[in-house]
Structures are given as C-alpha cells and as structure tokens.
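Thank you all for coming; I would like to take a few minutes to walk through one model with you. Please have the sequence and the coordinates open while I talk.

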Amino acid sequence: MSSNTEKSDKLRVDKYLWSIRIFKTRSLAAAACDSGKVKQEGTAIKAAKQVHVGDEYDVRTEGRLWRIKVTGLLHTRVQYSEAIKYYTDITPAEELERLQMARQASSFHTGKRLSKVGRPTKKERRDLDEFMD
C-alpha cells in the first residue's frame with residue numbers, strides 16, 4: 001500500500017473511484033461526478049476534487065448506492081482483491097437490505113421463458129395430437 005501512496009499526495013476523485021473499481025472506466029467516473037452522482041457530505045463534487053484519507057463519499061452507480069470511506073490512496077488500477085484494501089464500505093444496512101430485496105424480486109420474473117417450459121417441442125406436440133384424436 002505504501003508504494004502507491006508515496007507517488008504523490010494529490011489524487012483526483014474520478015481517478016480514485018476508477019482505481020478502486022467502483023466504475024469500469026475513468027470517463028464513467030468523471031461523468032458520474034459531473035452529473036452529481038458523487039457527493040461528499042451531501043454536496044455534489046467535481047471530478048478534479050482532491051481525495052484525502054478519511055474522506056467519505058456517497059456514490060450512486062447503476063444499481064447501488066455506495067457509501068465509502070477512504071483508507072488509502074490508490075493511483076493505479078489493480079485487481080479487485082487489492083483494491084478493496086483502499087476503502088471501507090460503510091453503506092447503511094437499510095440500503096443493503098433494499099438491494100437484496102430488489103435482487104430477490106427480480107429473480108422471480110425475468111421476462112424470458114424458462115427452458116423446456118411453455119411451447120411444446122415437436123415430439124410433445126405429436127404426442128398431444130395423438131392423445132387428442
């Protein structure tokens with residue numbers, strides 16, 4: 001951890017969110033900052049704002065609201081198992097429960113027909129036709 005923090009104490013928030021793998025690309029992280037989806041203490045911040053250890057951010061992504069606390073500065077994108085060491089997820093339990101309930105509710109109906117259910121196969125149709133005659 002110390003090798004990445006020795007480079008410089010300056011780190012942009014969009015680069016930090018990209019490097020800890022909250023966003024897939026740095027441009028997505030910058031766009032989220034510009035559209036007000038990244039907040040610090042309730043106020044939207046710009047992508048160029050400097051990150052410091054101990055800062056807390058609310059980050060809204062596609063399917064989740066993250067609340068993270070910075071525990072270290074990460075200047076380069078590394079694998080997930082290393083990246084999670086540089087922040088602490090302090091998302092409230094209510095948000096995690098809501099996410100879990102939404103995930104369970106969406107698993108019941110996906111809009112797609114299940115395999116082997118619905119329209120009969122050609123063999124099943126022939127068997128039905130013979131049965132009906």
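Let me begin with a single residue: does arginine 21 count as buried or as partly exposed? At a relative accessibility of 35%, arginine 21 counts as partly exposed, where buried means under 20% relative accessible area, exposed means over 50%, and partly exposed lies in between, with a 1.4 Å probe and protein chains only.

Before going further, I should say that this is a predicted model, in which local features need pLDDT of at least 70 and side-chain atom pairs count only at pLDDT 80 or more, while totals for chains, interfaces and linings use all residues. Residues are numbered from 1 along each chain as its sequence is written, and side-chain values use heavy atoms, with hydrogens and water left out.

Arginine 21 sits in the loop between α2 (13-19) and α3 (26-34), and its phi is near 70°, a positive value in a residue other than glycine. As background, most residues other than glycine have a negative phi. Glutamate 41, which is not a glycine either, has a positive phi of about 55°; this residue is found in the loop between β1 and β2 and is exposed, with a relative accessible area of 77%.

Now to the overall layout. The protein has 6 helices and 5 strands, where helices (H or I, at least four residues) and strands (E, at least two) are DSSP runs numbered from the N terminus. Read from the N terminus on, the elements run α-α-α-β-β-β-β-α-β-α-α. Of the 133 residues, 28% count as buried, and about 9500 Å² of the protein is exposed, with carbon and sulfur atoms supplying 53% of that area; these accessible areas come from the Shrake-Rupley method with a 1.4 Å probe, and for residues only the protein chains shown count as cover. Among contacts with a separation of 6 or more, 48% are between residues 24 or more positions apart, a contact meaning heavy atoms within 4.5 Å.

The strands form an open sheet of 5 with the order β2-β1-β3-β4-β5 and antiparallel pairing, two strands being paired if DSSP finds at least two bridges between them. At the edges are β2 (43-44) and β5 (87-89), each of which pairs on one side only.

Which residues of β3 point to which face? Along β3 (residues 56-60) the side chains alternate, so that Tyr57 and Val59 point to one face and are buried, whereas Glu56, Asp58 and Arg60 point to the other and are not. That buried Val59 stands opposite valine 38, and β1 (residues 38-40) pairs with β3 in the antiparallel sense over 2 bridges. On the β4 side, β3 and β4 pair over 5 bridges, again antiparallel, and form a hairpin with 4 residues between them; here aspartate 58 has arginine 67 as its bridge partner in β4. Strand β4 (residues 65-70) in turn pairs with β5 over 3 antiparallel bridges, with isoleucine 68 partnered by aspartate 89.That is the picture I wanted to share, and I am happy to take comments.
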